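User: I am new to this structure and would like to see how its labels are justified. Please set each value against its cut-off.

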Amino acid sequence: MLRLLMGLSLPLLGAVCLWALPADAEARTLNARIARVATGVARLERVQVRLAWPDGAAQGELELRAGRIDAPDLGYRFDDVVWRCPLRRDGRGGWQCEGELRGQGGAPMRLALELGVASTDARLSRGASAISLQRAAATPDATRIDLTRVPLAWAQALAAKAWSEGRIKSGSVDGRLDLIAPARAPLRIAGELDVDGAGFDTPDGLIAGEKLAARLRVDSELGATTRLRLGGRLRDGEMLFGNAYIALHGKPVELDLQAESGPGGGWRLPRIAWRDPGALAVEGSAALRGDASLDALDLQLASPDLAPLRERYLSGFLGLAGLSQLELSGGLDAQLSLRGGDLSQARAQLREVRLRDGQGRFRFDGLDGSLAYSDAAPRESELSWRSGALYGLEFGPTRLPFSSDHGEFRLQRAISFPMLGGRVGADNLRLRPPAGGKGLDLRFGLNLDKLDVAQLAKALEWPAFTGELSGRIPEAHYADERLELDGGLAMQLFGGTVEVSSLAMERPFGVAPTLSSDLALRNIDLESLTGVFGFGSITGRLYGRIDQLRLVDWQPTAFDAELHTEKTRGVRQRISQRAVQDLSSVGDSSFVGSLQDKLLGFFDDFGYARLGISCKLADEVCQMGGLGAAKAGPDGKPGFTIVRGAGVPHLDVVGYNHRVDWPTLLERMEAVGKGELKPVVQ
């Protein structure tokens with residue numbers, strides 16, 4: 001557009017020169033100084049014209065200089081502009097001149113000018129890029145401009161008038177524009193443009209576009225109030241607006257946009273229309289502040305098929321939530337209103353919607369009904385699902401009646417649904433969407449009633465545990481990507497109880513979810529437990545704790561665990577030969593007996609008085625311990641007792657390695673379960 005401005009103003013300078021030139025061209029040199037030239041588009045200052053025409057020559061040499069060219073409506077200002085060209089008659093009563101055009105700080109271009117009796121034509125070019133201008137004497141306020149492979153960067157100053165933070169990076173434009181510049185009315189620009197390979201961004205990177213291709217209709221008025229109407233078809237490209245990433249992937253959309261901006265800054269968009277056939281239709285209006293932040297937005301959306309929305313519109317939002325592989329299907333109609341950047345009113349009508357997380361963390365089938373939100377007067381809605389799953393755990397249907405007012409969703413009554421042979425219930429649900437600089441806030445109560453642990457173990461690929469899981473969480477609170485649960489859960493496992501407390505999760509559906517909790521074990525039947533894990537048989541009752549347990553991406557990274565047996569009336573305490581060997585193999589332990597080692601093989605099991613082991617995991621190292629200190633080994637290393645024997649033969653199992661590499665320990669436990677690891681008896 002910089003060169004376009006020159007093409008508009010410099011022909012006027014040529015006309016001034018020719019007005020001063022005698023018709024017979026007898027003069028040898030003509031010099032003129034003009035303080036100011038004003039047109040409907042631009043103002044030129046400190047203008048100098050020099051025409052040298054040798055006596056008897058067929059042409060002269062024209063030089064035009066302008067100290068400053070200022071076009072405030074277009075946003076351009078140039079200093080020290082120089083144009084030199086050979087001036088000749090065209091044989092029809094007019095003049096022609098073509099030569100190099102230079103401006104301060106800009107690359108040289110070529111300007112060709114034809115001043116006819118009834119028209120003015122100019123062509124500004126550099127390589128294959130050209131701007132051609134035509135103006136008729138009968139309509140001096142009207143100018144037609146033809147664009148051929150013009151770099152969009154030439155329009156940077158004009159674009160900055162409407163969007164000061166925007167930076168044009170790439171792309172070219174072809175097309176035709178009509179400029180109307182009446183003396184007492186705003187400058188009007190209208191026409192059709194073909195844009196190819198367009199790229200733009202802002203310094204903060206929050207708004208950007210790449211590889212945009214479009215055929216657009218433009219109609220604008222540039223004055224005290226700027227008005228713009230932009231319509232047509234976007235054929236391809238990618239755009240980023242904050243967290244919203246739009247990728248067309250070669251599938252065109254229809255666009256219709258009206259905008260206006262007054263002296264106070266900011267923009268009002270009375271019409272926004274976006275039509276993506278078969279995927280999404282949007283209509284609405286908006287208002288932007290002077291810094292391009294959103295002040296108000298009202299939209300109506302309709303999607304007959306949600307499946308293409310992830311790749312075309314939602315990948316930015318879903319990626320931030322850790323749901324980049326979310327699969328969607330079904331239909332949706334929605335209305336929403338934002339005020340001051342925060343959600344004010346919203347309603348969504350779902351039709352047989354299916355959500356499936358690509359990582360298998362959750363699934364909802366047959367989502368149907370409506371969901372309404374209000375920051376003021378109450379609104380009611382009801383949503384239902386047919387079935388679903390959470391981390392592979394299937395659950396059944398339910399209906400969720402909601403009410404909303406003053407910026408909060410509420411569940412109107414307690415709900416429950418079948419899961420794992422029992423029931424899961426929720427109550428007191430309250431949800432506040434992000435607003436006022438605060439993120440999403442969710443609170444609810446949770447009930448688990450007689451869930452089948454065998455089904456749970458199978459779904460999570462655990463060993464074949466059996467039992468029941470029940471519990472009550474009076475309040476679960478999710479905020480700042482962290483889920484905290486008050487209360488606790490109790491599992492009836494192996495004839496005893498495992499109690500879970502201090503439950504908390506970070507990024508439950510995001511990248512590397514983290515779980516922390518404390519566990520207490522009471523009266524666990526060791527014979528059933530060791531049988532499930534493929535360990536040698538141990539009888540007795542197990543107690544203990546696992547405090548400060550922390551799982552990252554479901555793998556243990558820290559805990560402080562202590563497990564021990566307690567003598568129970570009527571329960572024998574025996575440990576098999578294989579269990580002794582497995583304990584020794586896993587923990588770098590040794591076992592010693594009251595008889596010679598070679599005689600131990602004659603016994604299938606041994607009595608023990610007590611069994612205990614502890615491990616404090618940090619930085620992939622387990623600090624090991626047992627029932628207490630034991631005598632030093634042959635190498636003088638102090639030991640700790642894991643199994644204290646009783647009766648004849650008397651056998652103790654003693655550990656000497658106080659620091660065990662956790663990954664190595666896991667490998668050994670897996671090998672023991674498969675019968676692949678054999679101990680060394682000392």
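User: Leaving aside neighbours within four places in sequence, which residues is Arg 363 in contact with?

Analyst: This is a predicted model. In it, Arg 363 is in contact with Arg 354, Leu 355, Arg 356, Ser 387, Gly 388, Ala 389, Glu 394 and Phe 395, leaving aside neighbours within four places in sequence. Arg 363 itself sits in strand 21, which covers residues 362-374.

User: Why is Arg 363 called buried?

Analyst: Its relative accessible area is 16%. Buried means under 20%, so Arg 363 counts as buried.

User: What makes the link between Arg 363 and Asp 365 a polar contact?

Analyst: The side chains of Arg 363 and Asp 365 are joined at 2.8 Å. The cut-off is a pair of N or O atoms within 3.5 Å, so 2.8 Å falls inside it.

User: How do you know that strand 21 and strand 22 pair?

Analyst: There are 2 bridges between strand 21 and strand 22 (residues 379-385), and the strands run antiparallel. Pairing needs at least two bridges, so the condition is met. One of the positions involved is Asp 368, whose bridge partner in strand 22 is Ser 384. The two strands form a hairpin with 4 residues between them.

User: What does strand 22 pair with besides that, at Glu 382 for instance?

Analyst: Strand 22 is joined by 7 bridges to strand 25 (residues 398-405), again in the antiparallel sense. The bridge partner of Glu 382 in strand 25 is Pro 401.

User: Why is the pair of Phe 362 and Phe 364 called tilted?

Analyst: The structure holds 12 aromatic pairs. In the case of Phe 362 and Phe 364, the ring centres are 6.3 Å apart and the planes meet at 50 degrees. Rings pair if their centres lie within 6.5 Å, and planes under 30 degrees apart count as stacked, over 60 as edge-to-face and the rest as tilted. An angle of 50 degrees fits neither of the outer classes, so the pair is tilted. Ring pairs also link Phe 362 and Phe 364 with Trp 385, Phe 395 and Phe 417 into a cluster.

User: Are Phe 362 and Phe 364 buried or partly exposed?

Analyst: Phe 362 has a relative accessible area of 12% and is buried. Phe 364 stands at 21% and counts as partly exposed. The class called buried ends at 20%, and exposed begins over 50%, so 12% is under the first limit and 21% lies between the two.

User: How do you know that the span of helix 3 is close to what is expected?

Analyst: Helix 3 (residues 309-320) has 12 residues and reaches 16 Å from its first C-alpha to its last. The expected span is 1.5 Å times one less than the number of residues, which comes to 16 Å here, so the helix is close to expectation. Just after helix 3, Gly 322 takes a positive phi of about 75 degrees.

User: Which residues of helix 3 are buried, and what do they pack against?

Analyst: Leu 309, Arg 310, Arg 312, Tyr 313, Gly 316 and Leu 318 are buried. The buried residues of the helix pack against several strands, among them strand 17 (280-288), strand 18 (294-303) and strand 19 (327-339).

User: What makes the link between Arg 310 and Glu 311 a polar contact?

Analyst: The distance between their side chains is 3.0 Å. The limit is 3.5 Å, and residues adjacent in sequence count only if both atoms are side-chain atoms. This contact is from side chain to side chain, so it qualifies.

User: How do you know that strand 18 pairs with strand 17 and with strand 19?

Analyst: Strand 17 and strand 18 pair over 8 bridges in the antiparallel sense. Strand 18 and strand 19 are also antiparallel, joined by 8 bridges. The requirement is at least two bridges, so both pairs satisfy it. Leu 288 has Leu 294 of strand 18 as its bridge partner, and Leu 297 stands opposite Leu 338 in strand 19. The hairpin of strand 17 and strand 18 has 5 residues between the strands, and Ala 292 there takes a positive phi near 75 degrees.

User: Why is Ala 213 called buried?

Analyst: Ala 213, in strand 12 (residues 207-222), has a relative accessible area of 9%. That is under 20%, so the label buried applies.

Methods
Residues are numbered from 1 along each chain as its sequence is written. This is a predicted model: local features need pLDDT of at least 70, side-chain atom pairs count only at pLDDT 80 or more; totals for chains, interfaces and linings use all residues. Side-chain values use heavy atoms; hydrogens and water are left out. Buried means under 20% relative accessible area, exposed over 50%, partly exposed in between (1.4 Å probe, protein chains only). Contact means heavy atoms within 4.5 Å. Rings of Phe, Tyr and Trp (its six-membered ring) pair if their centres lie within 6.5 Å; planes under 30 degrees apart count as stacked, over 60 as edge-to-face and the rest as tilted. A polar contact is a pair of N or O atoms within 3.5 Å; within protein, one must be able to donate a hydrogen and the other to accept it, and residues adjacent in sequence count only if both atoms are side-chain atoms.
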